[in-house]
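Grab a pencil and have a go at the exercises below. Try each task yourself before you read its solution.

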Amino acid sequence: MGATVDRPHRSRAATSEVRLVHVGGHRSSVREMRQSAGDTAILNGELGEGARLALELVVAAGESMGADELLDINGAHIDGCLYHGVAGLDFARRLADAGGVVVVPTTLNVASIDLLHPNLYRGDADTARRARQLMEAYVEMGCRPTWTCAPYQLADRPALGDQVAWGESNAIVFANSVLGARTNRYGDFLDICCALTGRAPAVDLHTDDGRRATMALDVEVPDSWLDEDLFYVGLGIVLGRVAGTRVATITGLDSRADEDRLKALGAAAASSGAVAMFHVEGITPESATLASAPIERRTRVDTSSIASALRGLTGDTTELGAVSVGTPHASVAELRTLASLMDGMRSVVPFYVNTSRDVVAEVPSAIAVIERFGGTVVTDTCTYITPIIGEVTGAVMTNSGKWAYYAPGNLGVEVALGSLPDCVESAVAGKVVVSGLLS
Amino acid sequence: MRALVAGRASGDLVVLGEGLSLWGGYEPSTGRVVDRRHPQYGESLAGKIVYMPHGRGSSSSSSVLAEAMRIGTAPAGLVLGEQDSILVIGSLVGRLLYGIQCPIYVGDLTELGEGVVRLGEP
């Protein structure tokens, strides 16, 4: 939103035009940005008031990021459908009432209500009503009701090099790191604005330069640790703390770092820090091409740093109140593993399994085993963001670094961390049982 | 200091020792830090000028900031060590919907001094 006269040295493309845009009636920042003819048309209201308002916000955000221009995206994932209060609903209604419709394929993140199992919700009726209205507003704007924090587990996920605008911190880090798709950290509001316009600021992780690692984590642990799921959780916590917002490359891992483990790693890193991308040498798709920038800092990660990160996520009680797994949403492979661990057993505490409705539809037999075990399958939402788990005495056990990180603040519960087999064994025993790295 | 969301604000300075994810870490109903691992756990940020070295965590923090602005429990203004578009968009939407300001600047802690801090003064 800058004046046109104060940067005489900038060359402009013939189709570009610089306009002064006012968001909410105030000049919002100090940079100017090149606009394509399409941008100008949208800002002139040719795609309607919803798109015009959305592009104003994209431009304002882009200017704050130091972007010189916007780029086209071919997909979006919306985090704004999770209810955090009246402001989010007011904003979605403002866009939907202004005729906003997404112009790229757009998936929806977890929301506050499990529409397939609505009776699981234990919160107040007013919040539930507004949370549903929020979900409806996003569907009204043309988003797919996928309701998952793991859109990378859907069949039509982005490919290497795709430019997308994704919200949800764990999805962002997975898209960049594991898929090689390109997204910045889109917050609520900006995500839908990008989807309504098909445009995003051309900066940072959308560019080659922004994707290069500037620091390295050198993993030096016994080989057997690479077989432990929780090792990747601990590594993620360490990565988030050391990297903050920077792109790191991780050395010392091998093909045992599969998608589910990288999911856990990224989700933990995006909880303890603001990590939006990492490389794993020899594993992730851009590690060979983009990991080789000058490394400013190397950090050695050893058994004590991993163990200390894991201990920081877990209490010392053995009393067990409930179990919750599947944060981020459990994959097909994780549900099959769970079913094989649970087969013929019975939980004596509430056992929640968070996953997506699409994944549930793929593995009905595993779902049946989980339910015979006494498990409750939660779709469309997650147990740490909405009131589903009732009053518990004792810890809630989880295999998720992200759940362990946020649940104490969100739910006021004590957390016990354990592997997936630990979680099942504990549920059967009725007390916290841990093995491996935490024993 | 560089304006990310220009505007005037003043208030007591609160320096956060670490980045804070507003989502999961800040309660709009009270204006307090609820992340138990955060050095400023329990402190109220409502009406304060808050210095944050960098953003952190959830991309839902935009919603939480806008909601806090609606309720009146948001910081008066933010100074960030590094730019953070998630907070910027929350502030812009709060202003768009409710006409409330929460200016955001990028700057160094040493530029702020102590006690009451004013942002956006000429």
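What follows is a set of exercises on a predicted model, each with a worked solution.

**Exercise 1: the overall build of chain A**

Task: Work out how compact chain A is for its 439 residues.

Solution:
- Start with the parts list: chain A has 15 helices and 14 strands.
- Next, take the radius of gyration of chain A, which is 22 Å, and set it beside the 22 Å from the globule rule for 439 residues; the two are close, so chain A is as compact as a globular protein of that length.
- For the outline, the C-alpha trace of chain A spans about 70 × 50 × 35 Å along its principal axes.
- Now look inside: 58% of the 439 residues in chain A are buried.
- Finally, take the contacts in chain A with a separation of 6 or more: 79% of them join residues 24 or more positions apart.

**Exercise 2: a sheet in chain A**

Task: Put the strands of the 5-strand open sheet of chain A in order, and find which strands stand at the edges.

Solution:
- Read across the sheet and you get β12-β11-β10-β13-β14 of chain A, with parallel pairing.
- A quick reminder: strands of a sheet pair through backbone hydrogen bonds, either parallel or antiparallel.
- β12 (375-378) and β14 (415-417) of chain A are the edge strands; each has a single partner strand, so one side of each has no neighbour in the sheet.
- From one strand to the next, the twist averages 25°.
- Zoom in on one pair: β11 (residues 351-355) of chain A runs parallel to β12(A), and 4 bridges join them.
- Within that pair, A:Asn354 has A:Val378 in β12(A) as its bridge partner.

**Exercise 3: one face of a helix**

Task: Find where the buried residues of α11 of chain A sit around the helix axis.

Solution:
- List them: helix α11 (residues 332-342) of chain A has A:Glu334, A:Leu335, A:Leu338, A:Ala339 and A:Met342 as its buried residues.
- Look down the axis of α11(A): these buried residues fall within an arc of 140°, so they line one face of the helix.
- Step just past the end of α11(A) and you meet A:Gly344, with a positive phi of about 85°.

**Exercise 4: unusual backbone spots**

Task: Track down a cis peptide bond and two residues with a positive phi that are not glycine.

Solution:
- Keep the usual case in mind: most residues other than glycine have a negative phi, and most peptide bonds are trans.
- The cis bond runs from A:Thr327 to A:Pro328, with omega near -5°.
- A:Pro328 belongs to strand β10 (residues 320-330) of chain A.
- A:Trp147 isn't a glycine, yet its phi is positive, at about 45°. Look for A:Trp147 in the loop between α4 (125-140) and β4 (165-166) of chain A.
- Is A:Trp147 buried or exposed? The cut-off for buried is 20 or more other C-beta atoms within 10 Å, and A:Trp147 has 25, so A:Trp147 is buried.
- A:Glu168 isn't a glycine either, and has a positive phi of about 80°. A:Glu168 sits in the loop between β4 and α5 (169-179) of chain A, and counts as buried with 32 C-beta neighbours inside 10 Å.

**Exercise 5: the surroundings of A:Pro158**

Task: Describe what A:Pro158 touches.

Solution:
- First place A:Pro158: this residue lies in the loop between α4 and β4 of chain A.
- Count the C-beta atoms: 22 others lie within 10 Å, so A:Pro158 is buried.
- Leave out residues up to four places away in sequence, and A:Pro158 touches A:Gly75, A:Val164, A:Ala175, A:Leu179 and A:Ala181.
- A:Arg182 is 24 residues from A:Pro158 along the chain, and their C-alpha atoms are 9.1 Å apart.

**Exercise 6: chain B and its contact with chain A**

Task: Describe the 6-strand open sheet of chain B, then the side of chain B that touches chain A.

Solution:
- The strand order is β1-β7-β6-β5-β2-β8 of chain B, with mixed pairing.
- β1 (2-5) and β8 (116-119) of chain B each have a single partner strand, so each has one side without a neighbour in the sheet.
- Helix α3 (residues 85-98) of chain B lies across β1, β6 and β7 (104-106) of chain B, at about 60° to β1(B).
- Turning to the contact, 39 residues come from chain B and 43 residues from chain A.
- On the chain B side, α3(B) gives the largest share, 11 residues.
- By type, that side divides into 16 nonpolar, 16 polar and 7 charged residues.

Key: Residues numbered from 1 in each chain as written. Chains lettered and ligands numbered in written order. Predicted model: local features only at pLDDT ≥ 70, side-chain atom pairs only at ≥ 80, totals over all residues. Pairing = 2+ DSSP bridges. Helix = DSSP H or I, 4+ residues; strand = E, 2+ residues; numbered from the N terminus. Contact = placed C-beta atoms within 7 Å. Axes fitted to C-alpha atoms, helices over the stretch in contact; angles between N-to-C directions. Nonpolar A, V, L, I, M, F, W, Y, C, P; charged D, E, K, R; others polar. Rg over C-alpha atoms; globule rule 2.2 N^0.38 Å. Buried ≥ 20, exposed ≤ 12 C-beta atoms within 10 Å, placed from the backbone. Arc of directions from axis to C-beta.
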